[in-house]
Amino acid sequence: MKISLTINLKQAIAFSLGLFLANITFAQKSEKPKLILQITVDQLRGDLPTKFIKNMGEGGFRYLMQNGVWYNNAHYGHANTETVVGHTTLATGADPAVHGMISNVWLNRETGKLSYNIEDTNYHILSEGSDVDEDTELDSSQKLASTDGRSPSNIMVTTFSDELTLTTNGKAKIFGVSVKDRGAVTLAGHTGKAFWFSKNSNEFITSSYYYDKNPQWVNRWNKSKKPLQYSNKAWELSIDQSKYMFGKQDDQPWEVDVAGFGTTFPHQYGAADSKYLGNFLIYSPAGDELTLDFSKALIVAEDLGKDDVTDFLAISFSSTDYVGHLFGPSSLEAEDNMLRLDKTLADLFSFIDEHIGLENTLIVLSADHGGPEAPGYLKSMGIESGYVSPEKWDKEPAIKNLKAEFGIGQELILDFFPPYIYLNHKIIEEKKLDLAAIQLAIAKELMKTKGIALAVSSEALQNNNMPDTYLYNKALKNFNYKRSGDILILLSPQYFFNDFDGEIVAANHGGPWMYDSYVPVVFAGWNFKGQQISRRIDPKDIAITLSIIMNTKTPSGADGEVLIEIINK
Ligand SMILES: [Zn+2]
């Protein structure tokens, strides 16, 4: 009796001690951030923040470098390094083969038309006069949207933000904000709310997928007409010109003058009633400043980070992308844009610190893709570079011979939107020809073209009938049978498609090479300690890492690796 009592007592002590220890462990693990702030900088190649750090202040990139876990060797695995593709990979932790957003534009085989990635005719934008203006729109993919409807319906898997909604039974507040519709919609996921900027009305807008009518605070922000405060002003240099790396190279011959915005400082925004004002704002750091201002209004109005349920805010800053396209990343414009982006980030972090506390906010910053140097700049440095002209493919002798061989007179290539060729299936079916054989024959012919590194048919990708190489692996990660075109074209390093809506731009990303796949991945705030990690990671690792931190289930297509430095902080 006595013995058994002693044992029981011992057991009881051990049991309660175990419980006590278990409680401690649990308590530590259950401390969650009040807000997850996911920042995406469009076209921020991995080396750019450090390249221009000398003239940057304390609170922006320098804060991230000194206080964040900075991965300096992160590369996307997919071939088509475009905006919607990268943003959706960040949101879902999946490759485009799985999440389905394989390109900014793909051919809808039912309608026979090229369609815009997040277009959805069921859900219209709520503000009048805010649709894409075909006269002034310069984004060639954006221009292909035939209606103003927008929603995340085309994203085939759940996002991390969706999983946060599910795990909190809808209590987490989820938002996405960007100048670009596809930068906001993707990260807000299927369950959050998205806002983006209309260059036409100079307002932040949303669609009926998200709301029946605009929230009051959105109308208030739009009524304040903050974008118009930039009218009759100019984008000017922020420090003395002699202090810039590119101070003596303001006017490089490959820079593009769009509608009079110019290639040298100061870049004039023009009058308040100019139809180009909205465009000029986003071609400059002003677009990011407005995105920040709107996001601050959102944080306050929606009480983000104020209770026990972790909220999620995704902000995608787009200006770096437009500046990269028009002037190239090695230009005075790109350099000043980086300094101003640094200020915008510092402003955002200090606002977050004041309202929610940086220690309560998990910040994760990355980019949707990197970007190349301008071909003109490369040539000036003695590196070979060139353009490929797809509009000529259907007329090339080799393709002409093929058409004769297969007895086809009409255009065989129905459409091309990088990186896919879409063949005319109707003609091929009418003539009872073998689609796979035609795909293969065209791919073989195009491989002979200067500047093309790989042309591969969807049939070959579907059957996985390929060698295990760098390019084929990237091609496979981009291949979705329902959406990808008949032939995938990947260009040689330093080669580019010349088309940006008929105009040659200074630089165009979208390829499989390291300059396009290279992005920063940084975790900061929430008591992270400064650390630099150089092992190779993929930005798709972010979503699954956030899921582990928040104890949600894994987003449905997320197959990245968990970032152990973040979990074991
Ligand atoms: Zn982009």
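**Figure 1. The largest nonpolar core and its best-connected members.** In this predicted model, the largest nonpolar core holds 141 residues, and Ile39, Phe61, Leu313 and Phe523 touch the most other members. If you wonder which element gives the most to this core, look to helix H12 (residues 332-355), which supplies 10 residues. Apart from this core lies another one, of 25 residues, including Val388, Ile413, Ile428 and Ala443. As a reminder for the viewer, nonpolar side chains in soluble globular proteins tend to be buried together.

**Figure 2. A close look around Phe61.** Leaving aside residues up to four places away in sequence, Phe61 touches Leu44, Pro49, Ile53, Met56 and Trp70, and also Met338, Leu341, Asp342 and Leu345. Phe61 is one of the four residues that touch the most other members of the largest nonpolar core.

**Figure 3. The zinc ion and its four donors.** Here the zinc ion is coordinated by Asp42 through OD, Thr83 through OG1, Asp368 through OD and His369 through NE2, at 2.0 to 2.3 Å. What is the arrangement of the 4 donor atoms around the zinc ion? It is tetrahedral, because these atoms subtend angles of 90 to 130° and the criterion asks for all angles between 85 and 135 degrees. Along the sequence, the donor residues follow the spacing D-x40-T-x284-D-H. Asp42 and Thr83 link distant parts of the chain, 41 residues apart: Asp42 sits in the loop between strand E1 (35-41) and helix H2 (48-51), while Thr83 belongs to helix H4 (residues 83-92). Are these two residues, Asp42 and Thr83, buried or exposed? Both are buried.

**Figure 4. Helix H20 under its cover.** Helix H20 (residues 541-549) is mostly covered, with 8 of its 9 residues buried. The buried ones are Asp541, Ile542, Ala543, Ile544, Thr545, Leu546, Ser547 and Ile549. Which elements cover them? The cover includes E1 and H4, together with helix H6 (160-167), strand E11 (361-366), strand E18 (518-525) and helix H21 (564-567). Do keep an eye on Asn551, just after H20, where phi is positive at about 55°.

**Figure 5. Helices H8 and H10 crossing.** Two packed helices are described by the angle between their axes and the distance between the axes. For helix H8 (residues 216-223) and helix H10 (residues 286-301), the axes come within 10 Å and cross at roughly 145°. The crossing of H8 and H10 is right-handed. At this meeting place, H8 brings Trp217, Val218 and Trp221, and H10 brings Leu290, Asp293, Phe294, Ala297, Leu298 and Ala301.

Note on methods
Residues numbered from 1 in each chain as written. Predicted model: local features only at pLDDT ≥ 70, side-chain atom pairs only at ≥ 80, totals over all residues. Heavy atoms only, no water. Core = buried A, V, L, I, M, F, W, Y, C linked by side-chain atoms within 4.5 Å. Buried < 20%, exposed > 50% of the residue type's maximum accessible area, 1.4 Å probe, protein only. Helix = DSSP H or I, 4+ residues; strand = E, 2+ residues; numbered from the N terminus. Contact = heavy atoms within 4.5 Å. Donors = N, O, S within 2.8 Å, 3.2 Å for Na, K, Ca; no water. Tetrahedral: all angles 85-135°; square planar, octahedral: opposite > 155°, others 65-115°. Axes fitted to C-alpha atoms, helices over the stretch in contact; angles between N-to-C directions. Left-handed = near helix turned anticlockwise from the far one by under 90°.
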